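Let's take a walk through this structure together. Keep the picture open beside you as you read.

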Amino acid sequence: MEELNVYIVTSNCARNLIDVDLFAAHFFDVLPSSSSPPELIVLSLQELAPIAYSFLGGSYLRPYFDAFIKSVQQATTRRWNESYTNLVKDHTGMTALMVFAREDIAGSIPEIDTAHVGFGFLEMGNKGAVGAHLKYASAGQPARTADLTFVAAHLAPMEDGLVRRNQDWQSIVERLVFTHGQDTQQSGPGHDQTADESTSLLKDNDHPSSHVAKRSPHNLFAPNSYLFLAGDLNYRTSNISPLKDDHARFPKRKATPDNPNHYSHLLKEDQLTREMQEGRALHGLTEAPLHFPPTYKLSSTAQEVARQSLEANDSEAEWLWSSHRWPSWCDRILYLDDTAKSQRASGGPRAPTVKPVVYDALPLFPHSDHRPVALSAAVSLRTAVSPANPDATADGASGSSHTHTGIPFQIDPTWRSRRDAARRKEILVGALAYLGLTWEGNGMILASFIGLFGAWFVLRSL
């Protein structure tokens, strides 16, 4: 195998449980019928669950994670009769990352490292990012390897939040730090869940890639690692909310490209495209061409009819936008492509290191006002680095051709203490939200009140 195929889906869950059967039935809608089962499936999930459950974590999130595990199992069994192992199930507050490996290659991933950063209110995880760094080495061809970093992110909202979104990106680069298994007790929420599922892989000392010297902590721009960032990045198509009559300019499904209501005209106003071109955000990353309409914000009516449309396989219904938000490409998947740099280093043309195959939006599901977005891509495997020639790569070129340069921001030396402080706040806020905003918490308060009143009544009667 010369390439590793990955299928990445980003989905804002709007704090709701998904319909497992419905999600599974349409999980691979964007793939051609002739496509082969990918080696890796990655889910970037935003607003996975209500804030109380997300901040407390642990067993409170199990039903939400389990729903996606069941959905992926159904989808892969139905499509290819293949089984997948859930290697990563982790989160930072309300943002979660899940990684599945096809069962026959799961043992080829001996190293998994996770990292977390919150940049919401008081740096808590109502907005934030979670990352996983994986090392793949083929069991059949141990010299063929790939390091992969996957990041799930949810940036600041609203049309006028552009500056905060760029600052959130900076926070990801500065404070999403991987420690290569060092101080695993500090890894953050969800680590135990992930470790439980990958313990056998991490302890596979007979694997050729398990004999790796301890390295210094690094951010998402890890040397020689592929990088994929997926999430609700929240970049909009305007800096202000729609005015009274602006909804007449919103994209329409049947509009032709020469019609002002075709989505291509609105795409010209995309904030993310502009910020990347101006070098203010998502530095060094690449996105496949956008050939699908905006993914946000669909109206409540659109959500109500989504189930009926999916069950009837009706793809011709008109887009129903919410009138108080500009339709925007909030949900994006980007990757780091070193092709141009590799060409400069080698002095000649080179094949892309990341080859996007499909980049498209999935249908709207009834649980959310976002359409999920999916990317199918192939990444080239490389020749493993040998102690005698640490700079060697698959094609014999210098290792520097695959080492990321021009990192926009350096690691914040206070990243760990800031995350630990934010985590303590999350637990406090989560507990208060649980007591005040959930039926279970309300029941606990009521039971406590009844108990105290009963004790007072007994003591008074003595």
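**A walk along the sheet**

In this predicted model, 6 strands come together in an open sheet with mixed pairing, in the order β3-β4-β2-β1-β12-β11. At the edges you'll find β3 (84–92) and β11 (354–361), each with a single partner strand, so one side of each has no neighbour in the sheet. From one strand to the next, the twist averages 15 degrees.

How do strands hold on to each other? Strands of a sheet pair through backbone hydrogen bonds, and they can be parallel or antiparallel.

Let's start at β3. This strand runs antiparallel to β4, and 8 bridges join the two. Look for Lys-89, which stands opposite Met-98 in β4. Helix α3 (residues 62–80) packs on the sheet here, touching β2, β3 and β4, and its direction makes about 30 degrees with that of β4.

Next comes β2. Strand β4 (residues 95–102) and β2 run antiparallel, joined by 6 bridges, and Leu-45 sits opposite Ala-96 in β4. On the other pairing, β2 and β1 (residues 3–12) are parallel over 7 bridges, with Tyr-7 opposite Ile-41 in β2. To get from β1 to β2, the chain passes through helix α1 (residues 20–26), making a right-handed β-α-β crossover.

Why is β2 (residues 40–46) largely enclosed by the rest of the structure? Because 7 of its 7 residues are buried. Leu-40, Val-42, Ser-44 and Gln-46 point one way, Ile-41, Leu-43 and Leu-45 point the other way, and all are buried.

Finally, find helix α10 (residues 415–437), with 23 residues. Its buried residues include Trp-415, Arg-419 and Tyr-434.

Terms used:
Residues numbered from 1 in each chain as written. Predicted model: local features only at pLDDT ≥ 70, side-chain atom pairs only at ≥ 80, totals over all residues. Heavy atoms only, no water. Helix = DSSP H or I, 4+ residues; strand = E, 2+ residues; numbered from the N terminus. Expected span 1.5 Å × (residues − 1). Buried < 20%, exposed > 50% of the residue type's maximum accessible area, 1.4 Å probe, protein only. Pairing = 2+ DSSP bridges. Right-handed = clockwise from strand over helix to strand, strands pointing away. Axes fitted to C-alpha atoms, helices over the stretch in contact; angles between N-to-C directions. Contact = heavy atoms within 4.5 Å.
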